Amino acid sequence: AEESGEFKDVPSGAVLTLYYEAKYICITGGERYYTLNEALEAIKESGSTEGTIKMLIPEYAMPADDKLVILSGYNITITTASAAEGYEGEGEAQAEAVIKRSASFTSGHMLENKGTMTLDSIVLDGNNVSAGDAMVLNNSNGTLTVNEGAILRNAKGENGGALYVSGGTAVISGTLSENYAANGGAVYVNG
């Protein structure tokens, strides 16, 4: 039994072995990956500048070290996998996979776009974490498309809760809801 971080009733000198089973969170090019960055690296290593990262699990608590940066010259789509591809949330009330800012991810953007990025049938959830930065940053060279079916919600930032546009092009057909910021509410445009 575990209580307050200490194990009780364990004999002195006993060795405890804890097991954690890692879980694949996404798929690209038919291969499964444990992090978004592993999937993006696989696209880069394939020699292609285009790819789709499809989420396999209904909810992913995104840590700060899995922040995704789409570089100039790349065209990346982030979406929810189909049941045939192994999506585990099929049949749930929330059909789209949710990429949620983890509670410890209190600084920085979840996604940074310097190339071309499309969000389609996916939910980005800021988890009401006061992060200081918007969930998504679209840089001056970036082209961002938030398709109908994509949702950006529950974000708190200084300049734009959901989206900070520092230039480039941003086309939003999806839903922005419950986003807060000192400047810009859901979206802040600078440039």
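In this predicted model, strand 15 and strand 19 (residues 169-172) run parallel and are joined by four bridges. Within this pairing, threonine 143 has threonine 169 of strand 19 as its bridge partner. Strand 15 (residues 143-146) also pairs with strand 11, again in the parallel sense and over four bridges. Here two partnerships can be picked out: leucine 119 is matched with valine 146 of strand 15, and threonine 118 is matched with threonine 145 of strand 15. Strand 11 (residues 116-119) is in turn joined to strand 8 by four bridges, and these two strands run parallel as well. In that pairing, isoleucine 78 stands opposite leucine 119 of strand 11. A reader who follows leucine 119 in the structure will therefore find isoleucine 78 opposite this residue and valine 146 as its bridge partner in strand 15, where bridges of this kind are what define paired strands.

Which residues of strand 15 lie on its covered face, and which on its uncovered one? Leu144 and Val146 make up the covered face, while Thr143 and Thr145 make up the uncovered one. This pattern fits a general rule: in a regular strand, side chains alternate between the two faces of the sheet.

Two polar residues show how side chains can reach the backbone elsewhere in the chain. The first example is threonine 79, which belongs to strand 8 (residues 75-80). Threonine 79 counts as buried because its relative accessibility is 9%, and the cut-off for buried is under 20%. Its side chain reaches the backbone oxygen of aspartate 120 at 2.5 Å. Apart from neighbours within four places in sequence, the contacts of threonine 79 are Thr52, Ile53, Lys54, Met55, Asp120, Ser121 and Ile122.

The second example is asparagine 113, found in strand 10. Is asparagine 113 buried or exposed? With a relative accessible area of 0%, asparagine 113 is buried. The side chain of this residue reaches the backbone oxygen of threonine 143 at 3.2 Å. Once neighbours within four places in sequence are set aside, asparagine 113 is in contact with Ile70, Leu137, Asn138, Asn139, Gly142, Thr143 and Leu144.

Attention now turns to the nonpolar interior. The largest nonpolar core has 41 residues, and the members that touch the most others are Leu36, Ile99, Leu111 and Leu119. Helix 1 supplies the largest share of this core, with five residues. Isoleucine 99 gives a good view of such surroundings: beyond residues up to four places away in sequence, it touches Leu36, Met55, Tyr60, Met62, Ile78, Met110, Ile122, Val123, Leu124 and Asp125.

Alanine 103 offers a contrast in setting. This residue is found in the loop between strand 9 (97-101) and strand 10 (111-113), and alanine 103 is exposed, with a relative accessible area of 60%. Not counting residues up to four places away in sequence, alanine 103 touches Asn127 and Val129. From alanine 103 to alanine 134 the separation is 31 residues in sequence and 15 Å in space, C-alpha to C-alpha.

How many aromatic pairs does a search of the whole structure find? The search finds two. One of them is formed by tyrosine 24 and tyrosine 34, which are stacked at 4.5 Å centre to centre, with 15 degrees between the planes. Tyrosine 24 lies in the loop between strand 2 (6-7) and strand 3 (26-28), and tyrosine 34 in the loop between strand 4 (31-33) and helix 1 (36-45), so this pair ties together parts 10 residues apart in sequence. Both rings belong to partly exposed residues: the relative accessible area is 36% for tyrosine 24 and 35% for tyrosine 34.

The other pair, tyrosine 164 and tyrosine 188, is tilted, with 5.3 Å centre to centre and 40 degrees between the planes. This pair links distant parts of the chain, with tyrosine 164 in strand 18 (residues 163-165) and tyrosine 188 in strand 22 (residues 187-189), 24 residues apart. Tyrosine 164 is buried at a relative accessible area of 16%, whereas tyrosine 188 is partly exposed at 24%.

Two further rings have a charged residue over the face. Lysine 44 lies over the face of tyrosine 74, at 6.0 Å from the ring centre. Arginine 101 lies over the face of phenylalanine 105, at 4.6 Å from the ring centre.

Methods: Residues numbered from 1 in each chain as written. Predicted model: local features only at pLDDT ≥ 70, side-chain atom pairs only at ≥ 80, totals over all residues. Heavy atoms only, no water. Buried < 20%, exposed > 50% of the residue type's maximum accessible area, 1.4 Å probe, protein only. Polar contact = N/O pair within 3.5 Å; in protein donor to acceptor, adjacent residues only side chain to side chain. Contact = heavy atoms within 4.5 Å. Phe/Tyr/Trp six-rings, centres within 6.5 Å; stacked < 30°, edge-to-face > 60°. Lys NZ or Arg CZ within 6 Å of the ring centre and 35° of its normal. Core = buried A, V, L, I, M, F, W, Y, C linked by side-chain atoms within 4.5 Å.
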